[in-house]
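Open your viewer and get ready to click along. Each stop says what to select and what you will find there.

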Amino acid sequence: MLQDQITKYTAEINAFDTTNAGELEQFRIRFLGTKGIIKDIFDEFKAVSPEEKRTLGKVLNEFKQLAEAKYQALNEVIESSSSQTENAALDLTLPGEGFEIGARHPLALVRREIIEIFNKLGFSVAEGPEIEDDWHNFSALNFPEEHPARDMQDTFFIKKGGEKGDIALRTHTSSVQVRMMEAGQPPFRALMPGRVYRNEAISARAHCFFHQVEGLYVDENVSFADLKQTLFYFVQELYGEGTKVRFRPSYFPFTEPSAEMDISCSICKGDGCQMCKQSGWVEILGCGMVDPNVLENCGIDSKKYSGFAFGMGIERIANLKFEIKDLRLFSENDVRFLKQYKTAII
Ligand code: DAH
């Protein structure tokens, strides 16, 4: 009886093969476990006659050794293959897989910085369409029909004539002022960043598209002093304390009085360099008190309300901040240029 069982199980053990640790463990429990087959057979062995014990004892020991040897051999194979994959995962001599972290575009960095500074003064952010009609881009802003002031900005027209006048790519973000004022009543305190288009030959100093940030503040009793103080604060925040400002009288159809604001050159600190053409000053924006005609065009009582507006080119601000001398770099998407700003402002 016992001999039959041993013969049967010997065949099973000899035939058994696996590379799976779980299957091997099952094998171990079945044959070598504390309640396993070998234990059972040894228990039964105790009851056989002394004669049988002599012959069967040897067979039984060999059977047990066979099971143990099988287990060990398979276990070794499994362990060595799993330690091989573990070692491969931890091979510290392999070269690392490099990957590049992207960088924000310098214009996006500067736009965000400008917005953050004005946020502190309570300015929100508004946007408008890049394809505009004549009313929002020109007429509402007090550009008279056929007035040479329209030539100040070389316009890309999309459609001549039409219900709302010519349709064009907006030449400035001042159009968003009009949309904002038409849509509500004061107080208005907003920044309007966006892309604008002008029909200009592309060079280091001009491009057919660029970016502006418009600012508008309309409420009761807003004065030129508010305008000056707001822009002075902005410049101290952006270029550092001690940056000087000066206002030069200028002309824009939509503001009266109008001014252009210069700052002491942030690069040479006023000593004179290439960027400021040796003058120590650089112009950074146009501004003024919103012309009462513009307020009225947008349905706002110009006797009750007054306001100031300003507009600046983001590229110009970025040029000064990062000393970039060629406007074309901003739109060429050369990663060697763009990745320099990775650590500028995150
Ligand atoms: N729109 C003007 C431009 O593109 C910039 C500007 C000047 C905007 C004066 C203003 C302003 O709001 O008051 O050249």
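The tour starts with the ligand and then moves on to some backbone details.

Before you begin, note that this is a predicted model, where local features need pLDDT of at least 70, side-chain atom pairs count only at pLDDT 80 or more, and totals for chains, interfaces and linings use all residues. Residues are numbered from 1 along each chain as its sequence is written, and side-chain values use heavy atoms, with hydrogens and water left out.

**Stop 1: the ligand**

Select the ligand and show the residues around it, taking those with a heavy atom within 4 Å. There are 16 of them, and His172, Ser174, Arg198, Gln212 and Glu214 come nearest. By type, the shell holds 5 nonpolar, 9 polar and 2 charged residues. Here Ala, Val, Leu, Ile, Met, Phe, Trp, Tyr, Cys and Pro count as nonpolar, Asp, Glu, Lys and Arg as charged, and the others, Gly among them, as polar.

Which elements supply at least two residues each to this shell? Colour H7, S6, S9 and strand S10 (306–313) to see them. These labels number DSSP runs from the N terminus: helices (H or I) have at least four residues and strands (E) at least two.

**Stop 2: polar contacts of the ligand**

Now look for pairs of N or O atoms within 3.5 Å, the cut-off for a polar contact.

- His172: a side-chain N or O atom is 3.0 Å from a nitrogen atom of the ligand.
- Arg198: a polar side-chain atom sits 2.8 Å from a ligand oxygen.
- Phe310: here a backbone N or O atom is the partner, 3.3 Å from an oxygen atom of the ligand.

Taken on its own, the ligand has 360 Å² of accessible area, and the protein covers 92% of it (Shrake-Rupley method, 1.4 Å probe).

**Stop 3: two cis peptide bonds**

Select Pro186 and Pro187, which are joined by a cis peptide bond with omega about 5 degrees. Pro187 belongs to the loop between helix H7 (174–182) and strand S5 (188–197). Next, go to Glu256 and Pro257, where another cis bond has omega about -5 degrees. Pro257 is in strand S8 (residues 255–264).

**Stop 4: positive phi without glycine**

Pick Asn221, in the loop between strand S6 (209–219) and helix H8 (224–239). Its phi is positive, about 60 degrees, although Asn221 is not a glycine. Is Asn221 buried or exposed? At 70% relative accessibility, Asn221 counts as exposed, a label that requires over 50% (1.4 Å probe, protein chains only).

Finish at Lys269, in the loop between S8 and strand S9 (281–290). Lys269 is not a glycine, yet has a positive phi of about 55 degrees. With 61% relative accessibility, Lys269 counts as exposed.

Technical notes:
Buried means under 20% relative accessible area, exposed over 50%, partly exposed in between (1.4 Å probe, protein chains only). A polar contact is a pair of N or O atoms within 3.5 Å; within protein, one must be able to donate a hydrogen and the other to accept it, and residues adjacent in sequence count only if both atoms are side-chain atoms.
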